[in-house]
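Welcome, and please open your viewer. We will go from stop to stop, selecting something each time and looking at what is there.

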Amino acid sequence: MSMKLATPALLAALIGPAGAAEPLPEAIAAPGETVVLSVHAEGAQVYECKAAADGRLAWAFREPIATLLSEGKTIGRHYAGPSWELADGSAVVGKAAANAPGATAADIPWLKLDVTSHRGSGVLTPVTTVQRINTHGGTPDGACDKAGAFRSAPYSAAYIFLKKG
């Protein structure tokens with residue numbers, strides 16, 4: 001399996017013209033960390049209709065499900081945990097540490113996640129932080145009017161895997 005490790009040019013292409021000229025939002029920045037891998041994700045955010053604290057029904061995030069792509073080829077998957085697993089057998093689980101708003105109300109937030117566990121050996125082995133940027137979509141539309149109902153909201157994003165040093 002061949003994976004393209006991120007270079008500054010690739011990172012600029014993933015972030016886009018505006019992002020290339022401007023740093024990431026301070027809340028999700030990872031100063032002192034270096035890029036191990038950058039991938040594109042296509043998938044869905046899955047929500048469940050549940051009663052909120054005020055008793056009203058609302059969409060509650062349940063789990064992500066996405067394909068991780070590099071140069072148009074599937075190299076892994078993203079799923080509940082949140083977990084990222086590559087075809088080389090390496091995997092990480094993260095915990096949200098910070099967020100920044102997406103570009104529009106329809107876009108899920110950008111995230112910084114601290115890696116809490118590793119599995120297998122491969123590209124993700126040294127990863128300590130995961131950033132989700134350039135989100136498009138992912139928020140549920142429509143009313144939540146039946147407890148227990150599910151809704152999938154398509155999304156795409158870039159995931160950047162970083163290591164200390």
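Is Glu71 buried or exposed? Select Glu71 to find out: with a relative accessible area of 61%, Glu71 is exposed, because a residue passes that mark when its relative accessible area is over 50%. Glu71 is found in the loop between S2 and S3. Its backbone is worth a look too, since Glu71 has a positive phi of about 50 degrees although it is not a glycine. Most residues other than glycine have a negative phi, and most peptide bonds are trans. Keep in mind throughout the tour that this is a predicted model.

**The whole chain**

Now zoom out and switch to a cartoon view. The protein has 1 helix and 8 strands, and along the sequence they follow the pattern α-β-β-β-β-β-β-β-β. The 8 strands close into a barrel in the order S1-S2-S3-S4-S5-S6-S7-S8, with antiparallel pairing. On average, neighbouring strands of this sheet are turned by 30 degrees against each other, direction ignored.

Colour the residues by accessibility if your viewer allows it: 41% of the 165 residues count as buried. Among contacts with a separation of 6 or more, 62% are between residues 24 or more positions apart.

**Gly32, before the barrel begins**

Select Gly32, which lies in the loop between helix H1 (8-21) and S1. Gly32 counts as exposed, at 62% relative accessibility. What is Gly32 in contact with, leaving aside its neighbours within four places in sequence? The answer is Lys164 and Gly165. You can also draw a distance between the C-alpha atoms of Gly32 and Leu162: they are separated by 9.7 Å, while the two residues are 130 residues apart along the chain.

**Glu48 in S1**

Next, select Glu48, whose place is in strand S1 (residues 33-51). Glu48 has a relative accessible area of 15% and is therefore buried, as the cut-off for that word is under 20%. Show side chains here, and you will find a polar contact of 3.2 Å between the side chain of Glu48 and the side chain of Arg62. Apart from neighbours within four places in sequence, Glu48 is in contact with Ala58, Trp59, Ala60, Arg62, Gly148, Ala149 and Phe150.

**A cis bond on the way to S4**

Move on to Pro82, in the loop between strand S3 (73-79) and S4. Turn on the backbone atoms and look at the peptide bond from Gly81 to Pro82: this bond is cis, with omega near -10 degrees.

**The strands S4, S5 and S6**

Select strand S4 (residues 83-86) together with S5; they pair in the antiparallel sense over 3 bridges. Ser83 stands opposite Val93 in S5. The hairpin of S4 and S5 has 4 residues between the strands, and in this hairpin Gly89 takes a positive phi near 95 degrees.

Now add S6 to the selection. How many bridges join strand S5 (residues 91-100) to strand S6 (residues 110-119)? There are 9 bridges, and the two strands run antiparallel. Two pairs are easy to pick out: Val92 stands opposite His118 in S6, and the bridge partner of Ala98 in S6 is Lys112.

**The largest pocket**

Let us turn to the empty space. Rolling a probe the size of a water molecule over the atoms shows where empty space is left. In the largest pocket, that space comes to about 260 Å³. The elements that give two or more residues to its lining are S1, strand S2 (57-70), S5 and S6. The largest share of the lining, 4 residues, comes from S2.

To find the middle of the pocket, select Gln45, Phe61, Pro82, Leu111 and Arg132, which lie nearest its centre among the 20 lining residues. You have met Pro82 already, at the cis peptide bond from Gly81.

**Last stop: Asn134**

Finish at Asn134, in strand S7 (residues 129-137). Is Asn134 buried or exposed? With a relative accessible area of 17%, Asn134 is buried. Its phi is near 50 degrees, a positive value in a residue other than glycine. For a closing view, show Asn134, which is buried, together with Glu71, which is exposed.

Methods. Residues are numbered from 1 along each chain as its sequence is written. This is a predicted model: local features need pLDDT of at least 70, side-chain atom pairs count only at pLDDT 80 or more; totals for chains, interfaces and linings use all residues. Side-chain values use heavy atoms; hydrogens and water are left out. Two strands pair if DSSP finds at least two bridges between them. Axes are lines fitted to C-alpha atoms, for helices over the stretch in contact, and angles run from 0 to 180 degrees between N-to-C directions. Buried means under 20% relative accessible area, exposed over 50%, partly exposed in between (1.4 Å probe, protein chains only). A polar contact is a pair of N or O atoms within 3.5 Å; within protein, one must be able to donate a hydrogen and the other to accept it, and residues adjacent in sequence count only if both atoms are side-chain atoms. Contact means heavy atoms within 4.5 Å. On a 1 Å grid over the protein atoms alone, a cavity is a set of points where a 1.4 Å probe fits but cannot get out, and a pocket is an open set with protein on both sides within 12 Å along at least five of seven lines; lining residues have an atom within 4 Å of a point. Grid points are joined across faces, edges and corners, and a volume is the space filled by probe spheres set on the points.
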